[in-house]
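Here are some notes on the model, set out as numbered points for reading beside the structure.

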There are 2 protein chains.
Amino acid sequence: MIAKDMIDKLCIIGVGLIGSSLSLALKREAAVGEVIGYGRNQANLEKGLELGVLDRYETTIAAAVEGADVIVVAVPLGAMQTVFAEIAKSARNDAVITDVGSAKGSVVQAALAEFGDSVSRFVPGHPIAGGEQSGVEAGYATLYQGRRVILTPLAQTDAAASARIEAMWRRCGADIEYLDVEHHDKVLAATSHLPHMLAYALVHQLSSLNDHEEIFRYAAGGFRDFTRIASSDPVMWRDVCIANGDALVDLIEQYQHELNSIAQAIRTADADELLRLFSHAKSQRDLQIGSC
Amino acid sequence: MIAKDMIDKLCIIGVGLIGSSLSLALKREAAVGEVIGYGRNQANLEKGLELGVLDRYETTIAAAVEGADVIVVAVPLGAMQTVFAEIAKSARNDAVITDVGSAKGSVVQAALAEFGDSVSRFVPGHPIAGGEQSGVEAGYATLYQGRRVILTPLAQTDAAASARIEAMWRRCGADIEYLDVEHHDKVLAATSHLPHMLAYALVHQLSSLNDHEEIFRYAAGGFRDFTRIASSDPVMWRDVCIANGDALVDLIEQYQHELNSIAQAIRTADADELLRLFSHAKSQRDLQIGSC
């Protein structure tokens, strides 16, 4: 019997920024025994060994999950169900499984489809952390310090399984919050999925202009910050769009109305309306997010 | 006769982040004698004295510009013409005048209307620097280090006047570029004015949602970066919209098409199209701006 916040064998399926940072954080805390990796890019896994992120890697999911007490699935949303099916065949009966997907509805559906009764040991999770860098080399031990990890357990989720995953993230320095699945997906569509679409759209637009090289040359810090998320992993974001499409499309349509209002105020040189709108936005951002 | 890159009396009309940083940079370089401020907010001017940004301030533009060899106008675009009219009445015959407006077409029109033949000593300028903070306290001496300052002189601009303003900004550590007025306004509409509209629209949208406080609570670093520019000065941005409305509305309409394409790809779950679009945007941003 090991302590609730100690992991004997941790299996990470998909060793990118999120998975490798988790490993490094737990190793730093001496909260994990062996870390076993699985991924499709062998060079990345080799790098993981070199960097001390992984103690070992395997070339099949079956071999990777064998004997693991905690399994973390950190693959793009579109790959979740296939991975879950493999895990279901080979994991220990008492293994606790979690994921780190940015949308939870599709993950939960996949888990229900593949895990059967064992879904009680699956704890859907989402660390609100990350960045535009990807791959095992991007990982660092302090990524989760003071960041939120949202868990969205189901009615049938075992309380001990949730507690285990909560303890794992706490060891990484994260704050844990519980949300229900739909609520999570609605909130994240607004604060994360929509902004990514807006940034991708802007960069795509500007890079289609004839003089785009010159245009980018005059971009300053504000533009760099604004478009940073457009350097995020395209596969991950394609999958988020497919997984959380309904919530996202609703918000894009609402956003277009908002932008139309601004365009109309500019067309009619409605200075009062523009000032009202910008002042409201500024005061809300300063209030809710802080003025930096 | 003083050296080309020495200023005897510098008058700053509008003592905010841009004007006070200019003063601090020139003072650090010992490239200026006296700095005289004018502005409508007396507390801000008093603060400027305290902080050593200003050596003196005046309560009329006439008194402020008297005897100044260089006059920098750093007021919102909507206030430019009124200020120019005052300067025209009271400035020295050989004073060189510049501005720092984010759009140049409207400024040039105002200058042509107010300065008459003296427009030859007016050098339209735009430091590509700044931030969301405003007021004299936000200023710092290194703001312009390694940043671009765009000058957009007219056919009738005196070469010596341009050289004087160029030398002033170089003393602050800036790189100087020359663009024509229309070109400047088109480029800046794309890299600066449009992104500001997009950020204001997003924050305005989200803060109109019922659960906006909770939504903002789950915002992470990406959202903070993406919306930072929505904390910018509303009056300044209202004026930019009015001054550069045509270029801006064109780009907003083009952006709406771009966003429609993404929404449509999400609606139809067109994974290939989404991946193509995001990959293109990411590679362009990484290439043109750098991957951070």
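What rotation, and what shift along its axis, superposes chain A on chain B?

1. The two copies. Chain A is superposed on chain B by a rotation of 180° with 0.0 Å of shift along the axis, at an RMSD of 0.1 Å, where the fit is by least squares on the C-alpha atoms of residues with pLDDT of at least 70 in both copies. The two copies are thus related as by a two-fold rotation axis. Within chain A, the residue that comes closest to this axis is A:Phe226, with its C-alpha at 2.1 Å.

2. Basis and confidence. This is a predicted model, in which local features need pLDDT of at least 70 and side-chain atom pairs count only at pLDDT 80 or more, whereas totals for chains, interfaces and linings use all residues. Residues are numbered from 1 along each chain as its sequence is written, and chains are lettered from A and ligands numbered from 1 in the order in which they are written. Chain A averages a pLDDT of 95, with 99% of its residues scoring at least 70, on a scale of the predictor's confidence in each residue from 0 to 100; the model's ipTM is 0.92 and its pTM is 0.92.

3. The shared surface. Because 100% of the interface residues of chain A are also interface residues in chain B, the copies meet through the same surface, a contact being two residues whose C-beta atoms, placed from the backbone, lie within 7 Å.
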